[in-house]
Amino acid sequence: MPARELLYERLAQKLAQRIADGTLRAGERLPSVRRLSRQHGVSVSTVLQAYLLLESRGLIEARPQSGHFVRHFRQDELQEPRAPRPSLTPRRVTMRGLVADLHRAGSDARFVPLGVATVDARLLPADKLNRTLARVARASGGAGVSYDSPRGCARLRRQLARRALDWGCALRADDFLITVGTMEALHLCLRAVTRPGDAVAVESPTYFGVLQLIEALGLRAVEIPVQPQTGIDLDVLARAMTVERLRACVVIPNFHNPRGSLMSDEAKAALVALAARHEVPLIEDDMYGDLYDEAAVGARPRPCKAFDDEGIVMTCGSVSKTLAAGYRVGWVVPGRFDADVEHLKLAQTVASPTLPALAVAEFFDSGGYDHHLRQLRRRLAAQVRAVREAVARYFPAGTRVSRPLGGFVLWIEMPSGCNAIELHGRAVARGIAVAPGPIFSAQQRFVSCLRLSCGHPWSEATERAIAELGRLARAACGRLSA
Ligand SMILES: Cc1ncc(COP(=O)(O)O)c(C=O)c1O
């Protein structure tokens, strides 16, 4: 005969399963205590205990004189996804075909675009920028078809130095080097400071492009957990630095992709001091810094570079999320590794394309960029809110969702038992692109996580897609959610 606790736990488990799979819906009344006790052949007090357990888990609520009801899963009650447990063993990285699938679906207009983190062209000043490009092309004559210098467009570097004042950084035009997007910047930084076989600290989860670079360069990744609100776990990183000789550490301090976290100034300063103390080059990807939610964050957050007196920080960025991913205009401030980065740039691509850099410089100069950024920030924050609300409405109880203060991706942890790779396969078959959690980890962790991009205007198709994802998630996980 099972113990009494087991009876009520088992009953609660069954009910939780029905809530998770949608048989019992939000707002629906549960059977009365007496009826349930008769149906299941258990005592009234067992049912009461089961209901109490479900109440304590936030799945149901008791309403005076009316009975027990399945709770509405409200957005303000959504919890943050949890950080992973640290594991300090360096790993070789093998990224699977999933990243290629993600990009394929991202460039196929038939998919509902919740996968690749791109901003919809309708939110970008595409016509104005393209006209600017045509104008600078006409005006530049032979210079437009010639190699730029390896450092890249001087006019753009001057503009960037001016913009850097807003980031809290006093930088000169010559501190910047123009690259082919943030990806080339990250690549140059990693190549400048590592050799094949070296161990590099990365965040867990992290942007899959970082892991692809680590794989391509034959490096090993040490995964450091990212905390929901504060970013990379500095205690674990400090421990990792004493366990293994780390040759670099790659971080996304502002509106982390995929986690959404924003490191405080204090945490950034502590991270830079730690890197300097251990002589570990800190490669920071700051491509989301301009996309803060104005209602939640008063000003553009500073990059780690703003706290760097020793040149240990290498800051990378681009206009891919704010203006034009296709122009492939990015930059790096390599700090004390400048000569190596410039040398590698020459060896790798000679120089960046001349005209797109000139067009971006002209666009910055015209003052149109800041106006555009203000509008874009508002639109993206509204889209993130809409997708978050829909996740709250349609995903199974127990789902956790990030609360980003900028950027435009959401990190979702579904109840355990929900396999994101399987869900991804089913979603793709239904024309919905999503990014499954394991591609954000060298160890393919985050099996029950998804990243949803909110870079496209909210539409009925988006709502239908999220409802369908929620249905797939409910079908996949029937277990009692914690
Ligand atoms: C964090 C992060 N870094 C780098 C990139 C790639 O940037 P780019 O297109 O400028 O090479 C992305 C694109 O999604 C990203 O999210």
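Tutor: In this predicted model, helices are DSSP runs of H or I with at least four residues, numbered from the N terminus. A residue belongs to the shell around the ligand if one of its heavy atoms lies within 4 Å of the ligand.

Student: Which helices each supply at least two residues of the shell around the ligand?

Tutor: The shell holds 13 residues, with N257, D285, Y288, S320 and K321 coming nearest. By class they are five nonpolar, five polar and three charged. The helices that each supply at least two of the shell residues are α7 and α11.

Student: Which element gives the largest share of the shell around the ligand?

Tutor: α7 runs from 181 to 193 and also contributes at least two residues to the lining of the largest pocket. In the shell, three residues come from one helix, and this largest share belongs to α7.

Student: Where does the ligand sit?

Tutor: The largest pocket holds about 700 Å³ of space. Its lining has 33 residues, and T118, S320, K321, A325 and R328 are the closest to its centre. More than half of the ligand's atoms must lie within 2 Å of a pocket's grid points to count as sitting there. The ligand passes that test in the largest pocket.

Student: Which class has 18 residues in the lining of the largest pocket?

Tutor: The elements that each supply at least two lining residues are α5 (126-140), α7 (181-193) and α11 (320-324). Sorted by class, the lining has ten polar and five charged residues, and the other 18 are nonpolar.

Student: How far is an oxygen atom of the ligand from an N or O atom in the side chain of S320?

Tutor: A polar contact needs N or O atoms within 3.5 Å of each other. A polar backbone atom of T182 lies 2.8 Å from a ligand oxygen, and a polar side-chain atom of R328 lies 2.9 Å from one. For the side chain of S320, the distance to a ligand oxygen is 2.6 Å.

Student: How much of the accessible area of the ligand does the protein cover?

Tutor: R328 reaches a ligand oxygen through its side chain. Taken on its own, the ligand has 400 Å² of accessible area, and the share covered by the protein is 92%.

Student: Which element gives the most to the lining of the largest cavity?

Tutor: One cavity of 30 Å³ or more is counted, and the largest cavity has a volume of about 130 Å³. Among its 16 lining residues, W167, D290, R300, S318 and W331 lie nearest the centre. Two or more of the lining residues come from each of α6 (154-164) and β11 (313-318). With four residues, the top contributor is β11.

Student: What is omega for the cis peptide bond from N257 to P258?

Tutor: Most peptide bonds are trans. The bond from S204 to P205 is cis, with omega near 5°, and P205 is in the loop between β6 (199-204) and α8 (208-216). P258 is in the loop between β9 (246-251) and α10 (265-278). For the cis bond from N257 to P258, omega is near 15°.

Student: What is phi of Q65?

Tutor: Most residues other than glycine have a negative phi. Q65 is in the loop between β1 (60-63) and β2 (67-70). Its phi is positive, near 65°.

Notes
Residues numbered from 1 in each chain as written. Predicted model: local features only at pLDDT ≥ 70, side-chain atom pairs only at ≥ 80, totals over all residues. Heavy atoms only, no water. 1 Å grid on protein atoms, 1.4 Å probe; cavity = no way out; pocket = protein on both sides within 12 Å on 5 of 7 lines; lining within 4 Å. Points joined across faces, edges and corners; volume = space filled by probe spheres on them. Nonpolar A, V, L, I, M, F, W, Y, C, P; charged D, E, K, R; others polar. Polar contact = N/O pair within 3.5 Å; in protein donor to acceptor, adjacent residues only side chain to side chain. Areas by Shrake-Rupley, 256 points an atom, 1.4 Å probe, with all protein chains shown as cover.
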